[in-house]
Amino acid sequence: MSAKGRPEREQAPKRVSAEGNSTIRNAKGRPAAPLTERLTGCYTGAVHDVLRMMGHDRVALPPAIKAIAPGTRLAGPVWTVSGHIDRTKSRHECLLGWCTLLAKAPRGHVVVCQPNNHEIALMGELSAQTLAARGVLGYVVDGGSRDTDLVLAQGFPVFCAFLTPADIVERWVPDRFGEPVTIGEVTVTTGDYLLGDRDGVVIIPRAAAEEAVTRTEQVMATESDMRAALLGGMDPVAAYERYGKF
């Protein structure tokens, strides 16, 4: 419902969420749930399909990138980091660089790391514990993770391409923070949104995020109606013609 006809002083001010987006208002004019919360209620398949209909094709990270704990769900705005192998670096230089990464990771974001190697782990027990304590939502890496049982016990969401005991010491340093990275065919930019579940990880361009989530919520509502119709015996062709999807 619009505020038309109400005195100026009664109109609710436009609020800004901690994510940096204007608070979305529902049909009754009340603030809707923040975008991260709403995105958590979606699933990657529906978001992927909506983004494709919106003209965004390369949005799914490589299928090797999976949650270390099946059933993990992760959603939120992205903060990016990249790095590279450098075997000339000392133990001190590598660990200082890694601690700098942990210190820079912003609260309320998902860290997305492109380490530019498939040799070593870029996440472990103490790092996961540190990020969680600092309010980081989760971690996605086009590389490895280790200390798996200990990370699982903490419940910190980690998506990675493989597991290995090998660490970063005298091997790897970060080189860019908050700048675009490419994972597979997807370019990921700080401020984009991310959704991860059992099927994998989808990146939602920042400019399209609010519309994509709204459309996904509509699609999921339609799917619920269609599911009920199919369970009630509706012919699949008739269901497709009626609901326009399958």
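This report covers helix α3, the nonpolar core and the salt bridges of a predicted model.

**Helix α3**

Helix α3 runs over residues 91-104. Its 14 residues, at 1.5 Å each, should span 20 Å. The C-alpha atoms at its two ends are 20 Å apart, so expectation and model agree. Five of its residues are named as buried: C94, G97, W98, L101 and L102. They cover an arc of only 140° around the axis, which puts them on the same side of α3. Several elements cover these buried residues. Among them are the strands β2 (74-85), β4 (138-141) and β8 (172-177), together with helix α4 (125-133).

**The nonpolar core**

The largest nonpolar core has 24 residues. Which members touch the most others? They are W98, L122, L131, Y139 and W172. Two or more residues come from each of β2, α3, β3 (110-114), α4, β4 and β6 (158-160). Helix α3 gives the most, with three residues.

Y139 shows how these parts meet. Setting aside neighbours within four places in sequence, Y139 contacts L74, W98, V110, V111, C113, L122, M123, L131, F156, P157, V158 and F159. Three of these partners, W98, L122 and L131, are also named among the core members that touch the most others.

**Cysteines**

The structure holds zero disulfides. C94 is buried, at a relative accessible area of 0%. C113 is also buried, and its value is 0%. C94 belongs to the buried set of α3, while C113 is one of the contacts of Y139.

**Salt bridges**

Side chains of opposite charge can pair when their charged atoms come close. The count here comes to ten salt bridges. Three of them are listed below.

| Pair | Closest N to O distance |
|---|---|
| R52 and D57 | 3.4 Å |
| R58 and E185 | 3.3 Å |
| R176 and E179 | 3.3 Å |

Consider the bridge between R58 and E185. R58 lies in the loop between α2 (44-53) and β1 (66-67), and E185 in the loop between β9 (181-183) and β10 (186-188), so the pair ties together parts that are 127 residues apart in sequence. Are R58 and E185 buried or exposed? Both are exposed.

The residues of the R176 and E179 bridge are classed otherwise. R176 is partly exposed, with a relative accessible area of 30%. E179 also counts as partly exposed, at 38%.

Salt bridges also form a network. It links R146, D147, D167 and R171.

**Around R171 and T148**

R171 sits in the loop between β7 (162-163) and β8. At 26% relative accessibility, R171 counts as partly exposed. Which residues does R171 touch, leaving out those up to four places away in sequence? They are H84, I85, D86, R87, C94, I120 and A166. One of them, C94, is a buried residue of α3. D86 is 85 residues from R171 in sequence, yet their C-alpha atoms are 5.3 Å apart in space.

T148 is in helix α5, which spans residues 148-154. T148 has a relative accessible area of 19%. The cut-off for buried is under 20%, so T148 counts as buried. Beyond its neighbours within four places in sequence, T148 is in contact with I68 and L163.

Methods: Residues numbered from 1 in each chain as written. Predicted model: local features only at pLDDT ≥ 70, side-chain atom pairs only at ≥ 80, totals over all residues. Heavy atoms only, no water. Helix = DSSP H or I, 4+ residues; strand = E, 2+ residues; numbered from the N terminus. Expected span 1.5 Å × (residues − 1). Buried < 20%, exposed > 50% of the residue type's maximum accessible area, 1.4 Å probe, protein only. Arc of directions from axis to C-beta. Contact = heavy atoms within 4.5 Å. Core = buried A, V, L, I, M, F, W, Y, C linked by side-chain atoms within 4.5 Å. Disulfide = S-S within 2.5 Å. Salt bridge = Lys/Arg side-chain N within 4 Å of Asp/Glu carboxyl O.
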